[in-house]
Amino acid sequence: MLNIELRLDKEFDSDLVIDLYKLNNWSSAEKPDKLIKALKNSDTLILAFNGEKMVGVAYAISDGHLVVYYPHMLIHPDFQGKGIGTIMMKRFQEIYKGFHMQMLVA
């Protein structure tokens, strides 16, 4: 049984995030310093945990009023297809409710 906790916290274990990118074969993992800076400078960062295990990461870039982009959404391969991405996207839609354009580009 999954017990997914979403954390909107930019103080995170960088190694856990980089490992998640590597597990998904994302090239961003090859630039860890830039990746971590991008996540910390994003408008909103969501980390998904199942217990103490990080199982998802997604972030948003926004003008704060009209448009929001979701450039990255990754789920741990062992947890894909279990609705974690949907939970994360619903949280984003709560935060950015009323925005004219929301675009997932991952």
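## The sheet

In this predicted model, five strands build an open sheet, in which the pairing is mixed and the order of the strands reads β1-β2-β3-β4-β5. The edges of the sheet are taken by β1 (4–7) and β5 (101–104), and because each of these has a single partner strand, one side of each is left without a neighbour in the sheet. Neighbouring strands are turned against each other by 20° on average, when direction is ignored.

For a reader meeting sheets early on, it helps to recall that strands of a sheet pair through backbone hydrogen bonds, and that this pairing is either parallel or antiparallel. Both senses can be followed here by looking at the two partners of one strand, β4.

## Strand β4 and its partners

On one side, β4, which covers residues 67–75, pairs with β5 in the parallel sense over 4 bridges. Within this pairing, Y70 stands opposite L104 of β5. On the other side, β4 pairs with β3 in the antiparallel sense, and this pairing runs over 6 bridges. Here H72 of β4 is the bridge partner of Y59.

The connection between β3 and β4 is a hairpin with 4 residues between the two strands, and G64, which lies in the turn, has a positive phi of about 85°. As for its surroundings, β4 is mostly covered, since 8 of its 9 residues are buried.

## A buried residue in β3

Is V55, a residue of strand β3, buried or exposed? Its relative accessible area is 0%, and V55 is therefore buried, given that the word applies to values under 20%. When residues up to four places away in sequence are not counted, V55 touches I4, L20, A48, F49, N50, L74, I75, H76, F79 and I84. Among these contacts, L20 belongs to the range of helix α1, residues 14–23, while L74 and I75 fall within β4, residues 67–75. The distance from V55 to W26, taken from C-alpha to C-alpha, is 15 Å in space, with their positions 29 residues apart in sequence.

## Helix α1 on the sheet and against α2

Helix α1 (residues 14–23) packs on the sheet, where it touches β2 (44–50), β3 (53–62) and β4, and the direction of α1 makes about 90° with that of β3. The helix also has a helical neighbour: the axes of α1 and α2 (residues 32–40) come within 11 Å and cross at roughly 110°. Because angles of 65 to 115 degrees count as roughly perpendicular, α1 and α2 are described as roughly perpendicular to each other.

Which residues make the contact between the two helices? From α1 the contributors are S14, V17, I18 and Y21, and from α2 they are P32, L35, I36 and L39. Sorted by class, this contact holds 7 nonpolar residues and 1 polar residue, with no charged residues.

S14, which has its place in helix α1, is partly exposed, with a relative accessible area of 25%. Although S14 and L39 are 25 residues apart along the chain, their C-alpha atoms are separated by 10.0 Å.

## The loop between the helices

S28 lies in the loop that runs between α1 and α2. With a relative accessible area of 19%, S28 counts as buried, because this value is under the limit of 20%. Leaving aside residues up to four places away in sequence, S28 touches Y21, L35 and H72. Of these, Y21 and L35 also take part in the contact of α1 with α2, and H72 is the residue of β4 that is the bridge partner of Y59.

## Salt bridges

Side chains of opposite charge can pair when their charged atoms come close. How many salt bridges does the structure hold? There are 2 salt bridges.

One of them joins R7 and E5, whose closest N and O atoms are 3.3 Å apart. R7 counts as partly exposed, at 24% relative accessibility, and E5 is likewise partly exposed, with a relative accessible area of 38%.

In the other, the side chains of E94 and R91 meet at 3.2 Å, N to O. Both E94 and R91 lie in helix α3 (residues 84–95), where they are 3 residues apart, or about one turn of the helix. E94 is exposed, with a relative accessible area of 54%, whereas R91 counts as partly exposed at 29% relative accessibility.

Technical notes. Residues numbered from 1 in each chain as written. Predicted model: local features only at pLDDT ≥ 70, side-chain atom pairs only at ≥ 80, totals over all residues. Heavy atoms only, no water. Pairing = 2+ DSSP bridges. Axes fitted to C-alpha atoms, helices over the stretch in contact; angles between N-to-C directions. Contact = heavy atoms within 4.5 Å. Salt bridge = Lys/Arg side-chain N within 4 Å of Asp/Glu carboxyl O. Buried < 20%, exposed > 50% of the residue type's maximum accessible area, 1.4 Å probe, protein only. Parallel < 35°, antiparallel > 145°, perpendicular 65-115°, else oblique. Nonpolar A, V, L, I, M, F, W, Y, C, P; charged D, E, K, R; others polar.
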